[in-house]
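I opened this notebook to record what I looked up about closed spaces inside a protein model. The entries follow the order in which I searched.

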Amino acid sequence: MCGAHAAGEGEQRAAVADNYDLLDDSIFSALGSRLTPAFRAAEAAVGRPLAVLGTWVWTIPPDVFTADARFARTFSIEPQALREGRPLSQVVQSIHPEDSPRIESLIAETVRRGGPYRAEYRVRQLDGSWLWIEANGHCEHDAEGRPLRFPGVLLDIQQRKREQLRQGFLLTLADHLRTLEDPHAIMAEAAGLLGRYLDVHRVGYAETDMETNTATFVSDWVDGSVPHLTGTFPLEAFGAGSVRDLSQGRTVVYPDVTRDERTREVDLSVIHTRAAVGVPLVREQRLRAVLFLSHRHARAWQPEEVALCEDVGA
């Protein structure tokens, strides 16, 4: 009996794998009009066509999840593994820990009731970053109401989610600052909100005096892994190239301060800084202050992160 069951399961797995090369066509054919409203709604939200990041089929018994190479890359899984099929429990390990409980609950509910499925969540990329995707699918039941098959499509919503989150952050920031009048309290609140949102180690403000060529740290927020910065320092301590660019009103962005010619000659490890962003606050054509972010490790700052810093520092 066990042998017959194993053979049957093996045949099912083989059948699923044989259909792998037809996943794209079969899924779009199977879902067809069911997904059209979801696609239109998603595309309307960003005002442009969305990129498809992959397709999948989960054959519920015997728990065989197959997907195309694009899906595998999106979930940071070897394409061959998903060509052959893996249990769903292995696939969902790529989902962000904060999103995973919600998604697993939604999948279970969709399997129970059948019908459409739509979810937004983050998946881990090979470089350690997280990508926002939208999953659209449909769980099929047999005549007795038993779940059989769950095909679907992944969409890239990274840009849309980033803009939503950015707008949400700016609204939260404005709400928090509305009742504050003291400049230092405003700077402290803004630094804390920005630091937590971007998950950096330190955010703060330094006032600059171009007559004495010094910078005085007036307020900062830290995540607990680095010390606060206090006191007054020569501007040259942060690199002559940095001072030049900031004085000309240009934001400075350093993925790695040890590799940039503007900061290579200064030792910023003493303030636990390996990556940094500096936004100049220029008034009457003079550099008055700098909003700074620092990270203990090298970091590839994203353009939208830098743009948000500039919005906060404006």
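Entry one. Before counting anything, I noted that a cavity is a set of grid points where a 1.4 Å probe fits but cannot get out. The model I searched is a predicted one, and a search of the whole structure gave me two cavities of 30 Å³ or more.

Entry two. I turned to the largest cavity, for which I wrote down a volume of about 370 Å³. I found 25 residues in its lining, and those that lie nearest its centre are F238, L246, G278, V290 and F292.

Entry three. Which element gives the most to this lining? I looked it up and found that strand 11 does, with five residues. The elements that each supply at least two residues to the lining of the largest cavity include helix 10 (240–247), strand 10 (275–283) and strand 11 (286–295). When I sorted the lining residues of the largest cavity by kind, I got 19 nonpolar, six polar and no charged.

Entry four. I then moved to the second largest cavity, whose volume came out at about 140 Å³. It is lined by 16 residues, and W56, F65, L88, I107 and Y121 are the closest to its centre. Two or more residues of this lining come from each of strand 1 (52–59), helix 6 (88–91), helix 7 (100–113), strand 3 (115–124) and strand 5 (147–156).

Entry five. How do the lining residues of the second largest cavity divide into nonpolar, polar and charged? I counted 16 nonpolar, no polar and no charged for the second largest cavity.

Conventions:
Residues numbered from 1 in each chain as written. Predicted model: local features only at pLDDT ≥ 70, side-chain atom pairs only at ≥ 80, totals over all residues. Heavy atoms only, no water. 1 Å grid on protein atoms, 1.4 Å probe; cavity = no way out; pocket = protein on both sides within 12 Å on 5 of 7 lines; lining within 4 Å. Points joined across faces, edges and corners; volume = space filled by probe spheres on them. Helix = DSSP H or I, 4+ residues; strand = E, 2+ residues; numbered from the N terminus. Nonpolar A, V, L, I, M, F, W, Y, C, P; charged D, E, K, R; others polar.
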